[in-house]
Every structure is written in C-alpha cells, then in structure tokens.
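Visitor: I am new to this structure. Could you walk me through it, one question at a time?

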Amino acid sequence: MASLFRPLNLSSQTRALSRSTAVASQNIHDPDDPKQVALYKLYRPERVTPAKRGVELLKTPRLNKGMAFSIYERQYLGIHGLLPPAFMTEEQQAYRIMTKLRQQPDNLAKYIQLDGLQDRNEKLFYRVLCDNIKELMPIVYTPTVGLACQKFGFIYRNPKGLYVTINDNSISKIYQILSNWPSTDVKAIVVTDGERILGLGDLGAYGIGIPVGKLALYVALAGMQPDWCLPVLIDVGTDNQELLNDPFYTGLRRKRVRGTEYDTLLDNFMKACTKRFGQNCLIQFEDFGNQNAYRLLDRFQQKYCMFNDDIQGTASVVVAGLLACTRVTKKKLSQEKLVFLGAGGAATGVAEMCVLQMQAEGLTEEEACDRIYMIDIDGLITKNRAPHLSDRHKKFAKDLPDTKNLLEVVKTVQPGALIGASTVTGAFSEEIIKEMCTINARPIIFALSNPTSKAECTAEQAYTISNGSVLFASGSPFDNVTINGKLYKPGQGNNAFVFPGVALGAVLFKVSHIDNSLFLLAARKVAESVSEKSLNEYSRIYPRLKDIREISIKIAVEVAKHCYANGTATLYPEPEDKELFIRHQVYDVEYEDLINRTYTWPAKDSMHGFPVPVIRRNSMDDE
C-alpha cells in the first residue's frame, strides 16, 4: 500500500506552490489507517488511457508532454519519431520556458509567449505559472491582461473561449454554441460583456482576455481542473468608436444593445448554460458595466449558482485587508469610520460587505451605514441628493453639506480608513495623506483602482509621506519601498485571494446559490492567513501570493461547512472528510503516466483452449 503515497520532503525549500500543494494533497491521510485509505481510494482521481494517438495527441494541450514522454509512451501512443530523440523532465522544460520568457522585451511579449504555451502544453503552462506565481500573475492577469485586451485584435492566435452575440438570442441557439465547446464537463463559466474592462472602459469583444485570464487563476490558485472551465464573451456591440474603426477589431461593429433585448439575451444565456451543464454550474460575472452589474446580480443570484467578482469578490478582499489592519490598530472594524472615494458597483459592494461585518460585531444595519461615507462623481452622497440616489446609495446618505472636496470630507469625518475606487490618478494628494496621518497613528489607505496608472496614489507616495506609518493596499501590484533603511512590502488587494476558493467550494459541493455570507467567511479566512511577520515587519496586510492555493482550500472547506449547514450544498453523500475530498479533486501540475497500469486475472479465468466439439462441415465433407 505504501507505493500509493509519496513521502513529504520537509527539508526541501518551498520549491514551488504547485509541487508543495501536490505533495500535501497526497499526505493528509495516514497510509496505515484503513479508514483513511478507503477515503483516499474513494476520492482520488482515476487515470484513463487517452483514446487519441499520434499527431492528434501531440496537438491536444491537455495531453501533450512534449519531450517528457517516455520511450514506452512514445511507442505505445504512436508518437515515436514525431518528437526529437531527447528526453526532458518537466522541471527541465519549465527552466527552458522561464529562460526564454525572461529574455522577452516587454510584458506583452511575455503574455503572448505564455498564451502560446497554454495552447501547446497545458500542464507545463500551469507548472510554470504556479512555480513563479508572484512573477507571472501580473502577466496572465492584471495589469498586463488589460494591455493584452487592448491589443487583442493584433495578438489573436487561437480561440480560447466562446462568443455569444445579440444575434444568437434564444435558448436553443446559445445551447448549440455551448455544445460546440469540446469539454462536456464544464462546471465553471466566467462571462463578460466587455463594457467595463478593469479601469479601461468599453473594450467590447476584446474583453475575452479577462475570462481567459480569470480561469487560468482558477486553475493555478485553487486547483480547478482546466476541463471544468469555460470563458465566454457576450457580444452586444461596443460604444467605443475607436474599436469600431479598428481594422483588427474581432467583435460586432455596432453600438451596444441595451434594454429589453439585452436582458432577454442574458436570461437566455443563463437558461442555456444550466440546460447544457446543469443547474449547479457556477457562472461568474466579470467586468460588466455599472448600470448592469448590480442589476444582473439581483436578477440571478437566487436563481443560479453565480456571483459577480467585481462586486462580491472585491468587497471580500477589501474587507479581508481591513480586518488584517484591525490586528495592528487594535480597533474593531465597527469602531472605524470609512470614507470611500468612488461609489460604483465595486465600492458599494465593499461598503455593504463592511456593513455585514460591523453587524456581526454588534452594530445594527443603520449604525453600520452611519460609519460609512461615500463620494461619487457628484460629490459626497448626502440626504440633499436622496431623490436622485439609487436604493443602495440612499442608506449611506449623510446629513452633511454637499461637497466635492475630499480633503474637506476627511477633516470633517475624521476617518480611520480611506478607500479609493475612483480610477482618478493622484486623487489621494500629499495633503490628504498627511491629514490621515494627523488623525490616526496608523492610517489605513487603500488605492484600489486598476491598473496602476489609475491608482489614487502610489505605494511609494503613501509610505514616504506617512513616514512608513500607513497601512497601504493597492488593486494592482507596486514594487517594494525602502524608507530610512526599512523595507515595506505593499499589499495587493487582489480578488485572487478570494474568488478561487469560493468558486472551488461552490463547484465541488454543488452549491445551489452563492450569497454574501460566503464572501464574508472568505474575507475572515484571508485575514487570518496574514502572518504576524508580514504585518509587523513589512506592513503587508495580505498573505503571500505563494500561499493562495492553500488559502483557497481552506476557504473551500469553510464554504462546504456553511453550505451543508444551510442546505445549499447539494453534493450527496456529504463527504466525510471535506478537506481530503477537496485535496484529491484539485489539479496537479506534475506530469502523469498517460497509460493505465495493466493487471492480471487469475490463471484459470484467463486460460485459452476451451475444448471445441467437432462440427460437421457438410459442404466440405461431400464427395
């Protein structure tokens, strides 16, 4: 039985996120415990010899191992002679890829190279990504993915997702499109209509890069199986005239469709997805315009297993950062006043998640809302503006004079935290940061707008002006900052700390619908995962990127417990050991033998030579 388990080598350094996780997934049970072994056999993935052979196999990214195929595999699978006569380990291949990658002239060139690798060799792509997550995450997702989306028509190589257009507006037509996807085991869909890509605005069909990048993170950071993932672009046109005039543009050349026709398309899309892939298929909405994001979340949240990462994921990760800060300030979140610069979907989602946390700490909803101040494009949200406010904003309206001056608001409110989601570069001026330092010994300043060029202030500005006292986070990564010989490592409030784990739990345990309580659970788990060294030595308020996969598994366990308790988890029977179950479902980036092991039968059951009676052959016996 010992051959089933690989020993955990604790003496090796953290060679890679992927390898340490793969090893841990196979050593969480005792090989001498019959019950643990029985669960292992129940939960482990099973190997199936592929039906594809020859060149067709080499052109299938999920199966291709390049020069890592053994001589036996090459001969058995009909690829001997189709590959160079050298043999490489996956580690050698990864070294070769990274060497070439670091020679590329810019990040877009790196993105293109990684995109090509994903088209050729899926395992190696994720091995390289997982082994170098801190270096490559900004390439496969923000901020480089934004540039890749802008240049998508120029760099387009191979299809990586599905396109559903306004011209396909029926359940049947969309179902047929979904049926064209090669995998029938889709469990997670990321969909966008391209209207609000990061902080870049309407990119139309070029926005497909966002679902592609997001699902790559599902695999790398949570261990979702690539076959379970489907990126989708809903093309209803674009209001970006520059794109409509772009000769490389890959989408419909028409203005955006809105209103009833748009809503019908989204209704039909959701129905077609669940008809094709099942009611428990997770559908994540990403980068929809503000006028649709909240509306569609309200429309679908109780009917489907879906969430909006811009609203709920962003809210969760920001609350996680705020909760980590409370370990430094020694004040509960419910004791702080918060000022938001920006009141769009993301900022409002954060504010509402903060209200939930404050309520959990003992405040009423009204008391919690009273501690949150929001500033939109028209200034501070006040009761004077109530007739023109949405229902979501009305509860945050204050009985104060109207003003657009952020510094004036800070001086009046005396907040403990200043949160930027405005995409206004430099909005947190030196004077504002100094005022926050006057009010607080450890001011909390989050400049969350993406990409870095849109951030309200830079990490260097925040640390320098505050003389290192600030608790800072950003939406996209900033370089480390050294002040007076002390190293500061800016925390990145990246949704990747949250959405992979929530999605993994929802998919594995077949959750019927996802509410905000799951994201609050995830926020608390992320905040707990920040080490004391990170907080006190580096002022870093988020965990290390290389710890995300372990955090995702912990979040998935919490999701499972919560959802079985409230009846929304529908996987039956309920796994006895939820963590063991999760760890044996996650994707392993190590190459596996493609050919199943053969085994023998008892000799008496596999014996040839049953005696054959003599059969008269009339036609042959005739004279």
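Visitor: How far apart are the closest N and O atoms in the salt bridge that Lys160 forms with Asp115?

Guide: This is a predicted model. A salt bridge here needs a side-chain nitrogen of Lys or Arg within 4 Å of a carboxyl oxygen of Asp or Glu. Lys160 and Asp115 meet that cut-off, with their closest N and O atoms at 2.8 Å.

Visitor: Which domains does the chain have, and where does domain 3 lie?

Guide: The domain assignment gives domain 1 at 54–117 and domain 2 at 141–304. Domain 3 follows at 312–566.

Visitor: What distance separates the centres of domain 1 and domain 2, and how many residues does each give to the contact?

Guide: Taken over C-alpha atoms, the two centres are 29 Å apart. Domain 1 and domain 2 still touch: the contact takes six residues from domain 1 and ten residues from domain 2.

Visitor: How much area do domain 1 and domain 2 bury between them, and which three residues of domain 1 supply the most?

Guide: Together they bury about 750 Å². Carbon and sulfur atoms hold 66% of that. On the domain 1 side, 68% of the area buried against domain 2 comes from three residues, more than any other three: Leu108, Tyr111 and Asp115.

Visitor: How many salt bridges link domain 1 and domain 2, and how many residue pairs are in polar contact?

Guide: The salt bridges between domain 1 and domain 2 number two. For polar contact, with both residues at pLDDT 80 or more, the count is one residue pair.

Visitor: Why do the residues of the "binding site" annotation gather at one spot, and which residues are they?

Guide: The annotation comes from an unreviewed UniProt entry. Its residues span 25 residues in sequence, yet no two of their C-alpha atoms are more than 6.6 Å apart, so they gather at one spot. The lining of the second largest pocket includes them. They are Glu286, Asp287 and Asp310.

Visitor: Which residues does UniProt mark as "active site"?

Guide: The entry is again unreviewed. The marked residues span 74 residues in sequence, but no two of their C-alpha atoms are more than 7.1 Å apart, so they too gather at one spot. The second largest pocket has them in its lining. They are Tyr141 and Lys214.

Note on methods. Residues are numbered from 1 along each chain as its sequence is written. This is a predicted model: local features need pLDDT of at least 70, side-chain atom pairs count only at pLDDT 80 or more; totals for chains, interfaces and linings use all residues. Side-chain values use heavy atoms; hydrogens and water are left out. Domain bounds come from an automatic or database domain assignment. Contact means heavy atoms within 4.5 Å. Buried area is the accessible area (1.4 Å probe) that two parts lose on being put together, summed over both. A polar contact is a pair of N or O atoms within 3.5 Å; within protein, one must be able to donate a hydrogen and the other to accept it, and residues adjacent in sequence count only if both atoms are side-chain atoms. UniProt positions are given in the numbering used here, feature names are shortened, and annotations may be inferred rather than shown by experiment. On a 1 Å grid over the protein atoms alone, a cavity is a set of points where a 1.4 Å probe fits but cannot get out, and a pocket is an open set with protein on both sides within 12 Å along at least five of seven lines; lining residues have an atom within 4 Å of a point.
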